[in-house]
Amino acid sequence: MEKILIVDDEAFIRENLERILAEDGYRPISTESPDEAIHIVAEEEISLVLLDLNLGSSSGLDVLRAMQEVDPEILVIIITGYGTVESAVEALKIGAYDYIKKPFKADAIHLIVKLALETQNLRRKLKRLSRDTDGINMVGNSPPLMQVFQQIREVAKHETATVLISGDSGTGKELVAQAIHNLSPRSEQPFVEINCGSLPFNLLETELFGHERGAFTDAKNRKIGLFEEADGGAIFLDEIGEMDMSLQVKLLRVLEDRKIRRLGGNRNIDINVRIIAATNADLKSAIGDKAFREDLYYRLNVFPIYIPPLRERREDIPILLEYFLQRFSKEFNRPTGRINRDALDLVMRYHWPGNVRELRNVVERICIMHNVDKILPAHLPREIWGESPQSEMPFKYEIPPEGIVLDDVVGQIEKELVEQAFKITGGNVAKTARILNVPRGTLRYKLEKYHLTSE
Ligand SMILES: Nc1ncnc2c1ncn2[C@@H]1O[C@H](COP(=O)(O)OP(=O)(O)OP(=O)(O)O)[C@@H](O)[C@H]1O
Ligand SMILES: [Mg+2]
């Protein structure tokens with residue numbers, strides 16, 4: 001049972017909070033004494049603290065600091081009365097999770113506590129994950145990704161086993177390749193990578209195999225190719241599906257003989273290299289189209305690792321989100337932002353065609369563009385909330401047998417939509433006007449008409 005500490009000098013508030021928390025099955029502990037509160041945080045497993053900023057003689061901010069000193073991870077929600085909102089903002093800066101204003105409604109407490117504990121839970125999971133996945137620089141806890149981690153560990157042990165990683169663009173194939181190498185007994189040896197789609201055939205060939213001096217007109221010096229460079233380690237052939245057919249033949253021979261020959265050279269050189277290939281194309285159908293050699297496919301596909309697209313492992317989204325938020329907030333020197341419930345719903349529903357890379361980019365962009373501690377739907381790129389059911393499913397209105405007054409019904413629908421948009425943007429008129437595609441003047445008129453104002 002999660003223990004929640006309530007620190008407030010008003011008995012009435014303490015009792016009220018205790019009752020609300022108990023309803024959700026938490027175990028509330030309350031005190032009015034700051035010293036006792038700090039002592040409890042130090043001694044007991046406290047999941048969350050609800051801290052009043054106005055504690056008579058001592059300042060809530062000092063109490064917060066003292067709690068953080070005894071437990072740097074402590075999760076604190078500030079309760080603020082009239083006139084202390086500024087201090088509450090200060091509290092967020094020094095690491096409080098959120099604040100709630102007095103007087104509060106029970107529902108607001110239920111929700112904020114639930115969200116806070118969920119975030120805390122994610123943060124803990126993230127911590128545990130980075131301990132458990134030592135060497136695997138990847139985040140996620142869905143069953144399919146756990147299986148990928150398992151496969152990485154397994155194949156890493158076999159120093160020279162060939163690996164074929166497949167998955168859509170942005171699913172993390174490069175991270176998997178690096179992890180395999182990092183966890184292998186060869187981790188101190190070279191890891192070289194090349195994108196087979198980025199070079200024309202002859203350049204890719206010399207990159208891979210190297211050449212002797214005078215092998216062709218421009219070959220003024222001997223060049224050591226990547227296979228030789230990777231000797232003792234691993235070579236990562238990215239986008240293997242893009243490789244030219246004639247080069248595929250040469251690669252097949254390397255896989256069979258474990259020897260290479262430099263261009264213009266006359267002797268074979270033994271190489272001891274693990275080959276890791278990756279593709280976001282469907283190689284099976286490329287074989288059908290005669291664009292990929294079947295024999296090469298079977299040579300590469302010794303140990304296949306498939307990474308499913310993000311939309312097929314949505315459980316990974318919250319933890320990835322938290323991971324990128326922490327990472328980019330740190331990078332841009334900001335307090336770690338949090339996502340509100342509506343925005344999270346949208347993010348969970350979106351189909352993420354660009355997979356984890358897209359999610360990463362979205363978070364990075366938000367951290368750059370909006371210096372906010374709470375991410376609202378309005379901060380998300382248009383395509384993400386474009387997919388919410390409201391826009392997928394236009395209104396269905398059944399006209400009742402007695403008929404309708406058209407203006408009234410349209411008015412009702414309009415009011416509902418304006419209200420919704422206003423809520424999404426947190427009451428920002430300019431943004432609301434943009435969402436609804438109406439001039440600001442028109443929106444103001446409608447806001448007035450429907451008695452909608454931002455607080
Ligand atoms: N599970 C994950 N945890 C953390 N970061 C991830 C994860 N998966 C992908 N990423 C990040 O997403 C981005 C894309 O990953 P990566 O380059 O490995 O994808 P890819 O499958 O090689 O894509 P492409 O086919 O386009 O080359 C990178 O910034 C990577 O760090
Ligand atoms: Mg890649």
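**View 1. Open five-stranded sheet β9-β12-β15-β8-β16 of the predicted model.** The strands of this open sheet follow the order β9-β12-β15-β8-β16 and pair in parallel; two strands count as paired if DSSP finds at least two bridges between them. Its edge strands, each pairing on one side only, are β9 (191–195) and β16 (303–307). From one strand to the next the twist averages 15°. Helices (H or I, at least four residues) and strands (E, at least two) are DSSP runs numbered from the N terminus. This is a predicted model, in which local features need pLDDT of at least 70 and side-chain atom pairs count only at pLDDT 80 or more, while totals for chains, interfaces and linings use all residues. Residues are numbered from 1 along each chain as its sequence is written, and chains are lettered from A and ligands numbered from 1 in the order in which they are written.

**View 2. Strands β8 and β15 with helix α7.** Four bridges pair β8 (residues 163–167) with β15 (residues 274–279) in the parallel sense. L164 has A277 of β15 as its bridge partner. Helix α7 lies across β8, β9, β12 (234–238), β15 and β16, and runs at about 155° to β8. Axes are lines fitted to C-alpha atoms, for helices over the stretch in contact, and angles run from 0 to 180 degrees between N-to-C directions. Two residues are in contact if their C-beta atoms, placed from the backbone, lie within 7 Å.

**View 3. Surroundings of ligand 1.** Among the 15 residues around ligand 1, those that come nearest are S169, G172, K173, E174 and V356; a residue is near if its C-beta atom, placed from the backbone, lies within 6 Å. At least two residues of the shell are supplied by each of α7 (173–183) and α15 (355–369). By class, the shell holds four nonpolar, seven polar and four charged residues, where Ala, Val, Leu, Ile, Met, Phe, Trp, Tyr, Cys and Pro count as nonpolar, Asp, Glu, Lys and Arg as charged, and the others, Gly among them, as polar. Ligand 1 lies between domain 2 (143–308) and domain 3 (314–393), because both give residues to its shell; the domain bounds come from an automatic or database domain assignment.

**View 4. Open five-stranded sheet β2-β1-β3-β6-β7 with helices α2 and α4.** The strands of this sheet pair in parallel in the order β2-β1-β3-β6-β7. At the edges stand β2 (27–31) and β7 (98–101), each with a single partner strand, so one side of each is left without a neighbour in the sheet. The twist averages 20° from one strand to the next. Strand β1 (residues 3–7) runs parallel to β2 and is joined to β2 by five bridges; I6 has S30 of β2 as its bridge partner. Helix α2 (residues 34–43) packs on the sheet, touching β1, β2 and β3 (48–52), and its direction makes about 165° with that of β1. Helix α4 (residues 85–93) lies across β6 (76–80) and β7, at about 170° to β6.
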